[in-house]
Structures are given as structure tokens and as C-alpha cells.
Amino acid sequence: KVLHELDIPKAWYGLALSKDAKTLYASGGYDNQIRIYSIDSDRLKLRDSMVLGNRWPKGAASPAGMALSTTEDRLYCVTKGDSTLYSFIVQNKQIEKKIKLKAAAYTCILAPDGKKLYLSIWGGAAIAVYDPETAKIEAEIPVGSHPNEMVFSKDSRYLYVACADDN
């Protein structure tokens, strides 16, 4: 059952929901921002945004997949336009760190224990492993062509990766 509909200008891919389900973060596509929505009585209301840079055509970050840290004080977002991992401080909505990736990214997923962030490198046939503690990419796992969605097994031992070009 549809509870509420809201047009989001220039969205592409990427959503993150707070644990209390009261805040939704949504990709703003080539507007190069992450829109922040409040959820109240099953209705979305635009509250604010996090800015990655100038809007297209002056800027081309194009936010894609995102994930909240376990404490929800950081929002991680990968981009397809400028091939970068952005780390935002949620409280002040400011970019804390930008890490250039080897190719365009699709999404990211935080390990259930919160110790690693896995990035699907869409244009690089790999999964990058980011350590939030050191703020560095520490490893790369080769996978099939155009990795996109990822999910952990119930016991967190395995990370499943869908690869679009390999079907």
C-alpha cells in the first residue's frame, strides 16, 4: 500500500534510512546533493540537504549509493560522476573526507559490525574495502564486470555481489 508519494528532482540511485525510521537520505543526482527528509505520520518532508559540490554542468559528482555508520554520526556516499567516496558528518552536514576511487562507484554497504565499508566499483570490476577507523581504502576484491548491489549473508560471513555485465 502506498502511504505517500513525493517527486524528487534529479534523483538517480541511493537511499539510507535512520534506525528510528524518522530520517531518509536520498541521492540528488546531478544536483550534487543528498536530500534529507523527515518522516512523520508516514509522510516525507524535505528538511535539508548535504552538498557535494556545484550542480551540473559545473559539477558532476552525481551521488549514488550511501550508508549510515552504526552510530549514525557519519553518512558515506559513493559517486558515479567523480568516482569518489564522500564521508559526511551528519550533525553539521559537512564533508569530512573525500577519497578518490579508481573508477565510478555504484553503492556501498556497511558490514554488520560497522568495521568495514564495502564499495562496489562499477567501472572497475572490484569491491573496495574501506576502513572507517583509519579513513583509508585497505583492500580491493576483484569481481565480475559492473558490480552493483551487495548484501551480507545472515551470519555476516559472506558478501554477495551482483554484477550487471556478467548477469
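## Around Leu119

Leaving aside neighbours within four places in sequence, Leu119 is in contact with Val78, Leu85, Leu101, Thr107, Cys108, Ala126, Ile127, Ala128, Ile137 and Met150; contact here means heavy atoms within 4.5 Å. This is a predicted model, in which local features need pLDDT of at least 70 and side-chain atom pairs count only at pLDDT 80 or more, while totals for chains, interfaces and linings use all residues. Residues are numbered from 1 along each chain as its sequence is written, and side-chain values use heavy atoms, with hydrogens and water left out.

## Two nonpolar cores

Leu119 also belongs to the largest nonpolar core, which has 17 residues. A nonpolar core is a set of buried Ala, Val, Leu, Ile, Met, Phe, Trp, Tyr and Cys residues joined through side-chain atoms within 4.5 Å. Buried means under 20% relative accessible area, exposed means over 50%, and partly exposed lies in between (1.4 Å probe, protein chains only). Along with Leu119, the residues with the most contacts inside this core are Val78, Leu85, Cys108, Leu117, Ile121 and Tyr130.

Which elements give two or more residues to this core? They are strand 5, strand 6 (74-79), strand 9 (107-110), strand 10 (117-121) and strand 11 (126-131); strands are DSSP runs of E, at least two residues long, numbered from the N terminus. Strand 10 gives the most, with 3 residues. A second, separate core of 14 residues includes Ile34, Met50, Leu68 and Leu75.

## A patch on the surface

Now to the outside. Val151, Tyr158 and Tyr160 make a nonpolar surface patch of about 320 Å². Patch residues have over 30% relative accessible area and no salt bridge, and nonpolar side chains (Val, Leu, Ile, Met, Phe, Trp, Tyr) are joined within 5 Å. A salt bridge is a side-chain nitrogen of Lys or Arg within 4 Å of a carboxyl oxygen of Asp or Glu, and accessible areas come from the Shrake-Rupley method with a 1.4 Å probe.

Val151 sits in strand 13 (residues 147-152). Val151 counts as partly exposed because its relative accessibility is 47%.

## Backbone surprises in the loops

Most residues other than glycine have a negative phi, and most peptide bonds are trans. Where do the exceptions listed here lie? Ala21, with a positive phi of about 60°, is in the loop between strand 1 (15-17) and strand 2 (23-27). Ser156, with a positive phi of about 65°, is in the loop between strand 13 and strand 14 (159-163). Ala21 is partly exposed at 36% relative accessible area, and Ser156 is partly exposed at 32%.

The peptide bond from Trp56 to Pro57 is cis, with omega near 15°. Pro57 lies in the loop between strand 4 (43-51) and strand 5 (63-68).

Conventions: Patch = residues over 30% accessible without salt bridge, like charges linked within 9 Å, V, L, I, M, F, W, Y side chains within 5 Å. Helix = DSSP H or I, 4+ residues; strand = E, 2+ residues; numbered from the N terminus.
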